[in-house]
Amino acid sequence: MSGRVLVGVKRVIDYAVKIRVKPDNSGVVTDGVKHSMNPFCEIAVEEAVKLKEKKLIKEVVAVSCGPQQSQETIRTALAMGADRGIHVEVAGKDYETLGPLQVSKIMAALAKKEDAQLIILGKQAIDDDCNQTGQMTAALLDWPQGTFASEVSLDGDKVKVVREIDGGLETIKISTPAVLTADLRLNTPRYATLPNIMKAKKKKIANVKPADLGVDLTSRLEVLKVEEPPQRQAGVKVETVEDLVGKLKETGRI
Amino acid sequence: MFPASRYSCQAHRCIRALKTVPTEHTAPQLYTTLHRRTCSSVSTPRITTHYTVHPRDKDSRWEGVEMERFADEADVVIVGGGPAGLSAAIRLKQLANEHEKELRVCLVEKASQIGAHTLSGACLEPSAINELFPDWKERGAPLHTPVTEDVFSILTEKHRIPVPMLPGLPMQNHGNYIVRLGNFVRWLGEQAEELGVELYPGYAAAEVLFHEDGSVKGIATNDVGIAKDGSPKDVFERGMELHAKVTMFGEGCHGHLAKQLYKKFNLRENCEPQTYAIGLKEVWMIDEKKWRPGRVEHSVGWPLNRHTYGGSFLYHLNEGEPLVALGFVVGLDYSNPYLSPFREFQRWKHHPFVAPTLEGGNRIAYGARALNEGGIQSLPKLTFPGGLLIGCSPGFMNVPKIKGTHTAMKSGMLAAEAIFPKVTAESLDSETAGLHVPEYAEALKNSWVWKELYAVRNIRPSFHNYFGLYGGMVYTGIFYWILRGKEPWTLKHCGLDANQLKPAKDCTPIDYPKPDGKISFDLLSSVALSGTNHEGDQPAHLTLKDDSVPVARNLAIYDGPEQRFCPAGVYEYVPLETGDGMRLQINAQNCVHCKTCDIKDPSQNINWVVPEGGGGPAYNGM
């Protein structure tokens, strides 16, 4: 086995920033807005680096698809312990329509090219909340998948994954190569400290174009409109249960 | 929580026993020192857990934790990625390239990206940028809005008295540009990176390092991974040390490291204490019909009384969208503890001259920052062995013009020019390990910065008279406009802003109108708009020297002014869980790093220290 792990990291709008819809309702304002690495991607990077520190895998490669600024996100992953980075350049219109289908095609192509043993992704991105890229990548590669992982342990050429599911926790054993997606409780990501950021400047980030990987970026989806959620209406206080029932009947709820 | 009368004696004893159990488990140091000091029977819950107040070498939880720091050497380290710091870095690299010398310049900035903590009106005077980059237009500097109209008013509750903007008056803006300073700073950052400056946003300078001879050796960045109670987490890591021949401190108004340096090197022994104001700002997307790009509006008067210094600004930007930047400044030497600068700002927007511009518009940004008003009288000694101060940190703001960016940039450039020959010299000719560069202060005295600040030095202090605002305007008219500041005397300020508050019992509460949700807004939704956030599990960076002082003094005498002057709702006096008495709750995550609390706290008990780098507001082009 190559001992190589691909980790996908996505640059998203920081979770604390108040989002603003563009005046033409075509999307969300991103210019100059604070961006950071998707929190679930941070957890994915941390897991990969932990595996390397336990000497269970040999190399961690951080991958990001996006414009120039995605390189900053890859730098952060390098500072957390990834060995090298791959920046798949997607800009302009292509970037606006970039979604899980396109990214999973890219990840599948890279996995074959890099002879990866594992792909670790965040379970979902906090901007689109799709929760699809990991699953689609596994399907395209015909690899087993361990999604919503809250615990991962490597055992020879098998991986034991404890998954967080609606009913509780499910433990599965899958064979490598495999795709894992990280859930919240998998680990606590380490900080990217300044000495590591400085060292990361010396690590390589390769530039790749989707065309070089033979990936077609055309989107099957067209965004018609983006709107803010409706303003929350003020509630009405009622004094007694009878009032409540009366009001519910009035508005046709019961 | 449980009214004593409702329970039997036994139950009461039981409840009290249950309540004492938690205290036994916590470290004894939490309560003992406070119990010895306070004579009241109510024990003050512990508020401050930061290591600057509770040192870690005496803390048992830190035993055995690796405290070694990784160190690196640079030629110059700059603290602060604002106009001053970036101009200094750029100038240094320009000189290095000119003279074909190698120079490692490292800049650390606490914001996660350059420009994210920058907030200003702003009307930029291009004098400094013309010197730094004569070709700024070709380089794409975001100066898109030349000032076309300049309007000044004195407001009364319902009316407006226009004041003609005669050429020669300090507020006259012909030739200046309305800019979104955050975008300008971001552009400066890009220029700096191109020139080879190493920029490290997201890393705050938390500690000044000293050589054995007492000169400044450099800085250390913040530690990460300390829990809210002050104990180390699994992800704890020490900050990094950056050593330099000279360290430039450009932390902006009321920097926390500068505060330490003033004490250590006695830099303030021959100057007056700095006086400040708080500036609150919003950016609105307005109705296109109301948009007049290039229009600059300033006002004084309502809603402030004639003894409270302050006023408003409203600038129409011209960057494609109908945006206006508007805000309100209140001098922090105000005396009424019931005054809330935030609420003054909100009610000013309802004035008949202002509200029509905002009607039908949308608020898209909010923020606040302290600014300095001391001028020349409050300038400290600028240089010390191993370092120097630049920008708004020592304070070069031209108060009547309300402009400090051009002077901050010039101070950074002059500092760079002064230290360049010294740091690139073949042999370091210095008595101390850290270089002392007094030539910087000399250069500043001979520059246009000094001439400009000298001419306006008496305008701000002239407001301290019986007629307040009107006396000040008359003084400005005579001595500045006609005589150009050549009068032979220099007026003094009133002393520390923190000492100006009168006790609450001598003042009347102000009846502020409720926000209407369309033009005026409440505090918490405003704070959300600043995008501010901090890692929740870290010690509060608003540290108190003495945890019992807020309730014992601030609340008791001044009715807790920090609940009103903080523009982010960090300070709240909430009832104690036991039912009797209040306690101070510090919502550190809301902090927008404005520094007003450190300035205005009447007990000077609050010490703002830098939180984990990357935290704080996420301003976008403010």
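Here are some notes on this two-chain structure, which is a predicted model.

1. Let's start with the make-up of chain A. Seven helices and eleven strands account for its secondary structure. Measured out along the principal axes, its C-alpha atoms take up a box of roughly 70 × 45 × 40 Å.

2. How much of chain A is buried? Of its 254 residues, 47% fall in that class. Chain A also has an accessible surface of about 13,700 Å², and carbon and sulfur atoms supply 50% of that surface.

3. Next, look at who touches whom inside chain A. Take the contacts between residues at least 6 apart in sequence: 70% of these link residues at least 24 apart.

4. On charge, chain A carries 38 positive and 35 negative charges. Compare the mean position of each set and you'll find the two points 5 Å apart.

5. Chain A also has a domain annotation. An unreviewed UniProt entry gives residues 25–217 of chain A as "domain: Electron transfer flavoprotein alpha/beta-subunit N-terminal". In the model, that stretch of chain A is 32% helix and 30% strand, and 23 Å lies between its end C-alpha atoms.

6. Now for the place where the chains meet. Contacts there involve 30 residues of chain B and 22 residues of chain A. Together the two chains bury about 2,200 Å², with 61% of that area on carbon and sulfur atoms. Which residues of chain B lose the most area to chain A? They are Tyr200(B), Tyr203(B) and Val235(B), and together they make up 23% of what the chain B side buries.

7. Chain B has an annotation worth a look too. For residues 463–483 of chain B, UniProt (again an unreviewed entry) lists "transmembrane region". What does the model show over residues 463–483 of chain B? The chain there is 67% helix and 0% strand, and its end C-alpha atoms sit 18 Å apart.

8. Finally, a single residue to click on: Ser153(B). You'll find Ser153(B) in strand E6 of chain B, which covers residues 149–155. Is Ser153(B) buried or exposed? With a relative accessible area of 1%, Ser153(B) is buried, because anything under 20% counts as such.

9. And what surrounds Ser153(B)? Setting aside neighbours within four places in sequence, Ser153(B) is in contact with Arg160(B), Ile161(B), Pro162(B) and Val163(B). The list of contacts for Ser153(B) also includes His298(B), Ser299(B) and Val300(B), as well as Phe353(B).

Key: Residues numbered from 1 in each chain as written. Chains lettered and ligands numbered in written order. Predicted model: local features only at pLDDT ≥ 70, side-chain atom pairs only at ≥ 80, totals over all residues. Heavy atoms only, no water. Helix = DSSP H or I, 4+ residues; strand = E, 2+ residues; numbered from the N terminus. Buried < 20%, exposed > 50% of the residue type's maximum accessible area, 1.4 Å probe, protein only. Contact = heavy atoms within 4.5 Å. Areas by Shrake-Rupley, 256 points an atom, 1.4 Å probe, with all protein chains shown as cover. Lys, Arg positive; Asp, Glu negative; His and termini not counted. Charge placed at Lys NZ, Arg CZ, Asp CG, Glu CD. UniProt positions renumbered as here; feature names shortened; annotations may be inferred. Buried area = accessible area lost by both parts, 1.4 Å probe.
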